[in-house]
Amino acid sequence: MSGSVHIVGAGLAGLSTAVQLTAKGVPVAIYEAAPLAGGRCRTFHDPRLGRDVDNGNHLLLSGNRSAGAYLKAIGAQYKMRTLTEAAFPFVDLSSGARWRVAMNDGAIPWWVGDSARRVPGTGIWDYLKGLGLAFSGTRTVAEVVRDRGPLWQRFWEPMTWAVLNTTPERGAARLLWNVLKETFARGGTHCRPMLAPKGLGTALVDPALAHLEAHGVEIAFGHALKGVTNTGDRITALHFANGKNVDLGPEDRLVCALPPTRLKAALPWVDVPEDDAAILNAHFLVDDPALTEAAPITGLVNADTHWIFVKGDVVSLTVSAADQLGQMGRDPQELGPALWAETAKALGLTTEPRASRINKERRATFVQTPEQIARRPKPTTEFTNLFLAGDATDTGLPATIEGAIRSGEQAARLAA
């Protein structure tokens, strides 16, 4: 097929689509509303901290095959640090208990039989109950996993918040299972954390832009899609808010890689899930000798903070489902010290931070309840040359980096 593929949206879904298509020799044109690429995965310089930080904390795992292929395609594998062990330290701030979930490498989960490697107070049978997620249908995590013992508080709740950005009472069990079967169910070699020491934008966005530029692809920034014109079963023109129009030739295709609200505004006939699930992140600049001994990632229970990421002298916190857990309305002047107190206790820090920043992402992900995932649009549409990408499209995965990149793979296969 000749013609070009026009991609609207230069987040990870749009970039993934473009990278896949250029590898096939397909001409690509990209349009982005913002003045920079990356969407919700950006690294920026914060003048208050004097450091580069990510707008949000995201965790990739070694079993994220689409992200791994994408990194390889753009030549950025070396920009990610894969930890040598699939181990996740946790701290219970209420009791002071500390433990590590440390998985073995093989597919047979021997680690659940070792009390030193599993969640304290749990047994093998507790983990086997989680297999019910594979047959969850339209139920929530809380409806499938009914045991409210130690594994609930110390594994299922943190896992649901991290993966689905909502509470277990609302989160779609099917989405959580789809993540588990690609990572935890395949053993430790697929669950090693992958971290970006210089920032996710530096690892996932900047190399992609350089790769695309080397293939003659330029991004038209400041182009917010306002609407389209169709003739019969084809999209024939794009209309942007800046007044510019782009006509599509008879063999041109269009991929819209936009978050739900923006997609609905441009293509009002497309049904989309709500996308107002929030995440709160905090960044602290820390000068404390104890920080050198801290793990790069630590999970917290019985705390407002869910995960702590340590990158050099910057400590970043994530509070998932921040809207559901009542954190978005808190005053940053009160919230910052409260989150820092949890961090200092968890990491054993004794000095106050030199600077801090609170980021509130009000539309961090789409709402990942059974009712809302039923509204996820398919990558194909009623128009023969229009395809959809984005982590809210029906990839079978949650709204994650892996989901966004895989949606680009889907759209590229269809558009090519």
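Let me begin with one residue pair: leucine 60 has methionine 194, in strand 9, as its bridge partner. Please keep in mind that what we are looking at is a predicted model, and that everything I say today refers to that model.

That pair belongs to a wider arrangement, since strand 5 and strand 9, the latter covering residues 193-195, pair in the antiparallel sense over 2 bridges. If we step back, we find an open sheet of 3 strands, whose order is 5-9-6 and whose pairing is antiparallel. At its edges are strand 5 (60-61) and strand 6 (81-82), each of which pairs on one side only.

Now I would like to move to leucine 131, which sits in the loop between helix 3 (124-128) and helix 4 (141-144). Is this leucine buried, exposed or partly exposed? Its relative accessibility is 48%, and because exposed means over 50% while buried means under 20%, leucine 131 counts as partly exposed. On the surface, Leu131 joins Ile124, Trp125 and Leu128 in a nonpolar patch, and together these residues have about 430 Å² of accessible area.

Finally, let us turn to the second largest pocket, which has a volume of about 390 Å³. Which residues in its lining are closest to its centre? There are 18 lining residues, and those closest to the centre are Pro109, Tyr127, Leu131, Phe184 and Ala185, so that we meet Leu131 again here. As for the helices, at least two residues of the lining come from each of helix 3, helix 5 (150-164) and helix 6 (173-182).

Terms used
Residues numbered from 1 in each chain as written. Predicted model: local features only at pLDDT ≥ 70, side-chain atom pairs only at ≥ 80, totals over all residues. Heavy atoms only, no water. Patch = residues over 30% accessible without salt bridge, like charges linked within 9 Å, V, L, I, M, F, W, Y side chains within 5 Å. Areas by Shrake-Rupley, 256 points an atom, 1.4 Å probe, with all protein chains shown as cover. Salt bridge = Lys/Arg side-chain N within 4 Å of Asp/Glu carboxyl O. Helix = DSSP H or I, 4+ residues; strand = E, 2+ residues; numbered from the N terminus. Buried < 20%, exposed > 50% of the residue type's maximum accessible area, 1.4 Å probe, protein only. Pairing = 2+ DSSP bridges. 1 Å grid on protein atoms, 1.4 Å probe; cavity = no way out; pocket = protein on both sides within 12 Å on 5 of 7 lines; lining within 4 Å. Points joined across faces, edges and corners; volume = space filled by probe spheres on them.
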